[in-house]
Amino acid sequence: MEILQSYLQQNKERFLEELLALLRIPSVSADPAYKEAVFKTAEYVAQKLKDAGADAVELCPTAGYPIVYGEKIISPNLPTVLVYGHYDVQPPDPLDLWHSPPFEPVVKNEKIYARGSCDDKGQMYMHLKAFEAMMQNNALPCNVKFMIEGEEEVGSNNLGIFVKNNREKLLCDIVLISDTSMIANDVPSITAGLRGLSYMEVEVTGPNRDLHSGVYGGAVANPINILCEMIASLHDENKHITIPGFYDAVRELSAAERQSLNQKPFDEAKYKTDLGIAETWGEKGYTTTERVGIRPTLDVNGIWGGYTGEGAKTVLPSKAKAKISMRLVPNQDSAHISKLFEEHFKKIAPAAVKVKVTAHHGGEAVVTPTDSLAFQAAAEAFETTFGKKPIPTYDGGSIPIVALFKKELHTDTILMGFGLDSDAIHSPNEHYGLFNFYKGIETIPYFYQYYTAKMR
Ligand code: BES
Ligand code: MN
Ligand code: MN
């Protein structure tokens with residue numbers, strides 16, 4: 001593997017330049033204003049995949065943005081790794097909080113600042129470069145398929161359809177993804193679990209039009225006041241969620257499992273200073289690691305209504321709205337939880353208002369077995385390049401397609417993330433460490449090598 005090491009050293013500047021070019025294309029999937037750029041990004045990724053040595057590279061059209069596919073099949077007798085990643089990014093706003101423009105990447109203090117630098121362009125691109133390095137040095141030990149989508153940040157609906165319709169094409173022994181985080185640059189970890197998601201939107205309507213808040217205030221239900229009361233009632237004094245049946249499918253972990261989970265190094269004081277908070281907050285009886293990793297949650301993501309402009313306008317609004325997400329854990333079914341939410345939310349509404357509830361995208365939680373050959377291979381790869389055994393962790397975020405890979409392709413996924421929680425993904429000033437980018441490129445080929453050896 002020394003030959004790969006020197007190849008990385010010799011090509012590191014170019015790898016970075018190519019990533020910066022990718023980051024300059026604003027592939028925001030949520031906003032139709034960026035449509036052209038999203039398509040252009042797919043083409044750029046396809047070209048780079050071809051350049052890296054992949055065969056059969058194509059842009060698979062969908063009802064939305066195309067899926068970039070490519071492969072290198074060297075022998076039917078060898079295992080096949082399916083690499084998944086996404087080339088779309090979150091919207092960059094609020095723009096005024098960025099220290100440099102989100103689509104004009106800059107390298108500062110050994111970090112790449114740009115929207116998508118960590119989530120997921122930077123992490124996805126490591127796989128293309130690791131593949132290139134193996135191809136150029138005759139070191140690819142097994143078959144590989146690449147599937148890079150452009151709609152992860154909007155729920156991967158079209159990818160779900162694509163996977164169902166292309167089982168044969170996507171057949172593989174293991175899925176490999178870098179789209180999660182590790183504990184710290186000197187504390188490597190591998191993600192063994194992700195939470196699921198139910199995402200709801202609610203609308204509370206009071207009077208048939210906005211009213212003067214003096215003329216009518218006190219006599220007519222204010223939908224914003226009502227919505228706030230309803231939302232507040234969704235947690236009890238122990239920060240337990242009050243929706244009937246919400247916890248029914250949740251498995252309680254044994255004392256031993258919880259103890260092992262809490263072995264994960266966690267610096268509460270640093271966590272608080274990092275975020276500028278005086279206290280952590282959450283479900284009674286659980287640690288922060290547990291609250292994020294193994295417990296379901298409910299959070300308001302946005303709430304609006306009435307007058308929010310400059311100065312003061314005295315108005316009793318007709319409507320109030322909110323977007324509410326629930327993070328789910330294994331065994332909870334996203335569609336069922338959405339239904340429980342809807343029923344409960346309608347039930348707690350006073351007769352003075354009307355309530356409308358709609359469900360957005362969702363997805364199921366996943367756990368990766370840590371005793372599989374693939375997980376062991378990943379752990380050994382990290383140990384080789386970091387000099388330390390990685391710790392299995394349970395991340396709070398969601399990648400809904402992972403559960404679908406299991407369901408449709410019957411394949412487990414290795415979540416080999418190289419980001420850090422502090423990389424500000426989905427936030428202003430998102431960044432990705434050069435250390436992490438290069439370490440990822442260095443680590444990935446070891447996974448291929450160890451995994452292939454174990455599968456023989
Ligand atoms: N890469 C993230 C998920 C993630 C981040 C997992 C950090 C673990 C650690 C992914 O791009 C993402 O943002 N997913 C969304 C869900 C999607 C349906 C919009 C999420 O978790 O909110
Ligand atoms: Mn991502
Ligand atoms: Mn994301």
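**A two-manganese site and the contact between two domains**

Along the chain, the residues that donate to the manganese ion (ligand 2) are spaced H-x32-D-x59-D. The model is predicted, and the sites described here are those found in it. The protein donors behind this pattern are His86, through NE2, Asp119, through OD, and Asp179, which is listed with two OD donors. These atoms lie 2.0 to 2.4 Å from the manganese ion (ligand 2). Six donor atoms surround the manganese ion (ligand 2), with angles among them of 56 to 165 degrees, and the site is classed as irregular.

A further metal, the manganese ion (ligand 3), lies 3.6 Å from the manganese ion (ligand 2). The two ions share a ligand residue, as Asp119 coordinates both. Besides Asp119 (OD), the manganese ion (ligand 3) is coordinated by Glu153, listed with two OE donors, and by His426 (NE2). The distances for these donors are 2.1 to 2.6 Å. In sequence, the donor residues of the manganese ion (ligand 3) follow the spacing D-x33-E-x272-H. The geometry at the manganese ion (ligand 3) is likewise irregular, the six donor atoms giving angles of 55 to 155 degrees.

The protein chain is assigned two domains, each made of two segments. Domain 1 covers residues 2-194 and 365-455, whereas domain 2 covers 197-250 and 296-363. Taken over C-alpha atoms, the centres of domain 1 and domain 2 are 36 Å apart. Eight residues from domain 1 and eight residues from domain 2 take part in the contact.

The size of an interface is often expressed as the accessible area lost when the parts come together. For domain 1 and domain 2, the buried area is about 580 Å², and 60% of it falls on carbon and sulfur atoms. On the side of domain 1, Ala365, Ser398 and Pro400 account for 59% of the area buried against domain 2, a larger share than that of any other three residues.

Polar interactions across this boundary were also counted. Between domain 1 and domain 2 there are zero salt bridges. Two residue pairs are in polar contact across the interface, both at pLDDT 80 or more. The residues of domain 1 that touch domain 2 comprise four nonpolar and four polar residues, with no charged residue among them. A salt bridge requires a side-chain nitrogen of Lys or Arg and a carboxyl oxygen of Asp or Glu, and the side of domain 1 that touches domain 2 has no charged residues.

Definitions and conventions
Residues are numbered from 1 along each chain as its sequence is written. Chains are lettered from A and ligands numbered from 1 in the order in which they are written. This is a predicted model: local features need pLDDT of at least 70, side-chain atom pairs count only at pLDDT 80 or more; totals for chains, interfaces and linings use all residues. Side-chain values use heavy atoms; hydrogens and water are left out. Domain bounds come from an automatic or database domain assignment. Contact means heavy atoms within 4.5 Å. Buried area is the accessible area (1.4 Å probe) that two parts lose on being put together, summed over both. A salt bridge is a side-chain nitrogen of Lys or Arg within 4 Å of a carboxyl oxygen of Asp or Glu. A polar contact is a pair of N or O atoms within 3.5 Å; within protein, one must be able to donate a hydrogen and the other to accept it, and residues adjacent in sequence count only if both atoms are side-chain atoms. Ala, Val, Leu, Ile, Met, Phe, Trp, Tyr, Cys and Pro count as nonpolar, Asp, Glu, Lys and Arg as charged, and the others, Gly among them, as polar. Donors are N, O and S atoms within 2.8 Å of the metal (3.2 Å for Na, K and Ca); water is not among the atoms, so sites may look incomplete. Four donors count as tetrahedral if all angles lie between 85 and 135 degrees; four count as square planar and six as octahedral if opposite donors are over 155 degrees apart and all others between 65 and 115; anything else is irregular.
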